[in-house]
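Please open the model in your viewer and keep the selection panel at hand. The tour goes from one selection to the next and says what is found at each stop.

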Amino acid sequence: MKKGNSFFNMQALTSCISMTLVLVLLGAVVFFVLTARNLSDQVKENINITLLLSDDTTQGDVTTLQNALTKKEYIKHVSFHSKEEALKELSKDMGTDPSDFLGSNPLTASLELGLKADYANPDSIYWISKELKASPKVIDLIYQKEWVETINQWITKISLVLLILAGLLTFISFALINNTLRLSVYGKRFLIHTMKLVGARWSFIRRPFLLKGMALGLIAAITADALLYAGYMGLIQIEPALQEVVPLENQLIVGGAVLLFGLLITLVCAYFSVNKFLHMKTSAIYTA
């Protein structure tokens, strides 16, 4: 009995280690997908729209327009730049003051708008531009159209690659965990057959295997979460600025996904592995 229990414990330990490694891999993929999404959102939110205001725009008009814009669902932030500020910035860039040889300030006051990530795409910016141009105080609207299109194309391509990678690794993870649990159940096939012969209900036979599978899944998921969290903290220690791109909330989502996946997949795999031997005929048990 001790020898059998020792073998069983070593088998359980091996299964747990295998599942932990698979879950770490899967958690890393989820982590990178979330990080890529955060990066794309940050890039999109750096896309600005500049509204050029007419010369007869008063400070009251600017305040009214700013208040109206901040209430828009697609606006993240609004900042005002006066004619004087624009001239000072241009003079700094050119190394000379244009008003010295033009006789007056050729620039106009403007409002710089930052869009929320969900609206920083060509289609949304098109109808947003039409709405903004409807204001009588806005004489023109400027944004880098080609840059917006290029960014969205690259984000779409990268998202597609990550989605395919996530799907592929999920399939591989399922297959690896399924094989691990099937080997564990295989060693108990004669016990399953004996219990079936004495009239035990299939649900009764399945129960200990399902509980063991879920227990292994839980232990593997907790261990995988601990390893992933240690890796996350290591990255933050090396480069603290990464915390802005990879907030702790992402790690909590990754931890929850790994825990859910670890429990769910081991339950499903254990169920089908036991069912395989429950449906197996006596002659097939000895040749399996």
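Throughout this tour, a contact, or one residue touching another, means heavy atoms within 4.5 Å. This is a predicted model, in which local features need pLDDT of at least 70 and side-chain atom pairs count only at pLDDT 80 or more, while totals for chains, interfaces and linings use all residues. Residues are numbered from 1 along each chain as its sequence is written, and side-chain values use heavy atoms, with hydrogens and water left out.

**The whole chain**

Begin with the full protein, which has 11 helices and 4 strands; these are DSSP runs numbered from the N terminus, with helices (H or I) of at least four residues and strands (E) of at least two. Of its 288 residues, 38% count as buried, where buried means under 20% relative accessible area, exposed over 50% and partly exposed in between, with a 1.4 Å probe and protein chains only. Among the contacts with a separation of 6 or more, 81% are between residues 24 or more positions apart.

**Leu 115**

Next select Leu 115, which lies in strand 3 (residues 110-115) and is buried, with a relative accessible area of 0%. Leaving out residues up to four places away in sequence, Leu 115 touches ten residues that you can display together: Lys 44, Glu 45, Ile 47, Ile 49, Tyr 74, Ile 75, Lys 76, Ala 120, Ile 125 and Ile 128. If you add Lys 72, you will find it 43 residues from Leu 115 in sequence and 10.0 Å away in space, C-alpha to C-alpha.

**The nonpolar cores**

A nonpolar core is a set of buried Ala, Val, Leu, Ile, Met, Phe, Trp, Tyr and Cys residues joined through side-chain atoms within 4.5 Å. In the largest one, of 26 residues, select Leu 23, Ile 177, Val 254, Val 258 and Phe 261, which touch the most other members. The elements giving two or more residues to this core are helix 1 (2-44), helix 6 (145-186), helix 8 (202-238) and helix 10 (248-278). Apart from it lies another core, of 23 residues, including Ile 47, Ala 120, Ile 128 and Ile 151.

**The largest pocket**

Now select Ala 36, Arg 37, Ser 40, Ile 155 and Ser 159, which are the closest to the centre of the largest pocket among the 17 residues that line it. On a 1 Å grid over the protein atoms alone, a pocket is an open set of points with protein on both sides within 12 Å along at least five of seven lines, a cavity is a set where a 1.4 Å probe fits but cannot get out, and lining residues have an atom within 4 Å of a point. About 390 Å³ of space lies in this pocket, and helix 1 gives the largest share of its lining, 8 residues.

**The cavity**

How many cavities of 30 Å³ or more are there? The count comes to 1, and the largest cavity has a volume of about 60 Å³. To see its lining, select Leu 181, Ser 184, Val 185, Lys 188, Phe 209, Lys 212, Gly 213 and Ala 270; helix 6 and helix 8 are the elements that give two or more residues to it.

**Helix 7**

Finish at helix 7 (residues 189-197), where Arg 189, Ile 192, His 193 and Met 195 are buried. Looking down the axis of helix 7, you will see that its buried residues fall within an arc of 165°, so they line one face of the helix; the arc is that of the directions from the helix axis to the C-beta atoms. Just after helix 7, Gly 199 takes a positive phi of about 95°.

Methods: Grid points are joined across faces, edges and corners, and a volume is the space filled by probe spheres set on the points.
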